[in-house]
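Please look through the sequence and the structure shown here, and then follow the explanation below, which moves from single residues to whole regions.

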Amino acid sequence: MIVLAATPLGNDDDASPRLRAELEGADLIAAEDTRRLLNLAGRLGLTLSARIIAYHEHNEREVSGTLIEQAAAGERVVVVTDAGMPSISDPGYRLVALAAEEYVPLTVVPGPSAVLTALAISGLASDRFAFEGFPPRKAGERRRYFEGLASETRTTIYFESPRRVPETLAAMAEAFGPDRRAAVCRELTKTHEEVKRGSLGELADWAHDLRGEVTIVVEGATEQVGDAATHVPEVLALAEAGLRLKDAAAHVAKREGLRKGELYDLALAAR
């Protein structure tokens with residue numbers, strides 16, 4: 001059997017009894033970082049008798065086949081990442097897909113998840129949400145990426161490197177509007193846990209020199225009302241009055257809950 005086992009985000013007390021039992025009873029442990037695994041086991045007072053191999057984003061494709069073979073041969077293979085649930089923006093997805101194809105038994109030891117922890121503490125709507133992982137790193141790709149999500153009505157959740165948070169929040173504020181509510185969650189479950197709530201504009205001004213693991217939660221868009229095409233004349237009139245066409249489209253789109261890019265394209269075609 002293959003066991004996907006969630007590990008603590010930062011507080012060792014979140015290690016479940018099942019996680020402890022699986023680590024001590026495994027025949028083979030596939031760890032994103034073998035040193036971190038051994039460090040965690042030491043802090044938890046565990047004695048590991050399993051073989052330990054590295055399983056990370058750079059060797060996931062090759063090693064997945066080996067893990068399937070070992071599980072099919074009767075070994076109990078436990079997969080752990082540095083923190084949280086394997087396969088959620090971490091190695092594991094390919095392994096699960098391959099295990100399903102090969103009919104290899106698979107189970108999950110549930111536990112800590114930065115995605116759900118951030119959502120729960122954000123204060124934003126949690127009835128419908130979407131996890132988007134890491135945004136693109138390049139400015140142009142990031143801008144287009146967020147523009148494509150501007151009309152998403154569900155709460156969205158993102159991981160981000162602390163050094164890129166200011167640029168990401170600024171790009172969000174431009175695409176979603178500076179008044180859209182959000183929460184920046186840093187070092188969740190750790191000693192220096194911090195949750196900063198506010199508008200995207202406020203958070204973009206605040207977020208500098210951050211450290212640690214960061215998860216960003218953003219409020220969903222208001223449901224669109226009306227047809228973007230009906231607002232094209234107003235956009236053109238504002239452009240005639242001196243506004244840039246792009247700014248005119250952004251102004252009307254924000255007020256009406258429309259997609260800025262769609263309204264701009266329609267106005268540009270009608271010009």
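Glu187 is found in the loop that lies between strand β8 (181-186) and strand β9 (194-199), in what is a predicted model. The phi angle of Glu187 is near 55°, a positive value in a residue other than glycine. Most residues other than glycine have a negative phi. Glu187 has a relative accessible area of 16% and counts as buried, because the cut-off for that word is under 20%. The loop between β8 and β9 also holds Thr189, whose phi is near 70° and is again a positive value in a residue other than glycine. With a relative accessible area of 21%, however, Thr189 is partly exposed.

Another loop, the one between helix α8 (200-206) and strand β10 (214-218), contains Leu210. Is this residue, Leu210, buried or exposed? Leu210 is buried, since its relative accessible area is 14% and buried means under 20%. When residues up to four places away in sequence are not counted, Leu210 touches Pro162, Val165, Val184 and Arg186. Val109, by comparison, is 101 residues from Leu210 in sequence, and the C-alpha atoms of the two lie 32 Å apart in space.

A further loop position to look at is Glu75, which is found between helix α3 (60-72) and strand β4 (77-80). Glu75 is buried, with a relative accessible area of 18%. Which residues is Glu75 in contact with, leaving aside its neighbours within four places in sequence? They are Met1, Asp27, Leu28, Arg51 and Gln70.

Two of these contacts lead on to a pair of strands, for Leu28 is in contact with Glu75 and is also a residue of strand β2, which covers residues 28-31, while Arg51, likewise in contact with Glu75, belongs to strand β3, which covers residues 51-54. Strands β2 and β3 run parallel and are joined by four bridges, and within this pairing Ala30 has Ile53 in β3 as its bridge partner. Together with helix α2 (residues 34-44), β2 and β3 make a β-α-β unit that is right-handed.

Further along the chain, strand β6 (residues 129-133) and strand β7 (residues 155-160) also run parallel, with four bridges between them. Gly133 stands opposite Tyr158 in β7. To pass from β6 to β7 the chain goes through helix α6 (residues 139-149), and this β-α-β crossover is right-handed.

Helix α6 can be followed in more detail through its side chains. Arg142, Phe146 and Leu149 are buried in α6. Why do the buried residues of α6 line one face of the helix? Seen down the axis of α6, they fall within an arc of 55°, and therefore they line one face. These buried residues of α6 pack against β6 and β7, and also against helix α7 (165-176).

The UniProt record offers a way to divide the chain into regions. An unreviewed UniProt entry gives the annotation "domain: Tetrapyrrole methylase" for residues 1-204. Over residues 1-204 the chain is 39% helix and 21% strand, and the C-alpha atoms at the two ends are 46 Å apart. For residues 232-270 the unreviewed UniProt entry lists "domain: RsmI HTH". This span, residues 232-270, is 82% helix and 0% strand, and its end C-alpha atoms lie 8 Å apart.

Within residues 232-270, the span listed by UniProt as "domain: RsmI HTH", helix α10 (residues 245-256) holds Ala248. Ala248 is buried, with a relative accessible area of 0%. Not counting residues up to four places away in sequence, Ala248 touches Val235, Leu238, Ala239 and Leu243. From Ala248 to Arg211 there are 37 residues in sequence, and the C-alpha atoms of the two lie 38 Å apart in space.

It remains to consider the protein as a whole. Its secondary structure comes to 11 helices and 10 strands, and the C-alpha trace spans about 75 × 40 × 30 Å along its principal axes. Of the 271 residues, 44% count as buried, and the accessible surface comes to about 13,900 Å², of which carbon and sulfur atoms hold 48%. Among the contacts in the protein with a separation of 6 or more, 71% are accounted for by residues 24 or more positions apart.

Conventions
Residues are numbered from 1 along each chain as its sequence is written. This is a predicted model: local features need pLDDT of at least 70, side-chain atom pairs count only at pLDDT 80 or more; totals for chains, interfaces and linings use all residues. Side-chain values use heavy atoms; hydrogens and water are left out. Two strands pair if DSSP finds at least two bridges between them. A crossover is right-handed if, with the strands pointing away from the viewer, the path from the first strand over the helix to the second runs clockwise. UniProt positions are given in the numbering used here, feature names are shortened, and annotations may be inferred rather than shown by experiment. Buried means under 20% relative accessible area, exposed over 50%, partly exposed in between (1.4 Å probe, protein chains only). Contact means heavy atoms within 4.5 Å. The arc is that of the directions from the helix axis to the C-beta atoms. Accessible areas come from the Shrake-Rupley method with a 1.4 Å probe; for residues, only the protein chains shown count as cover.
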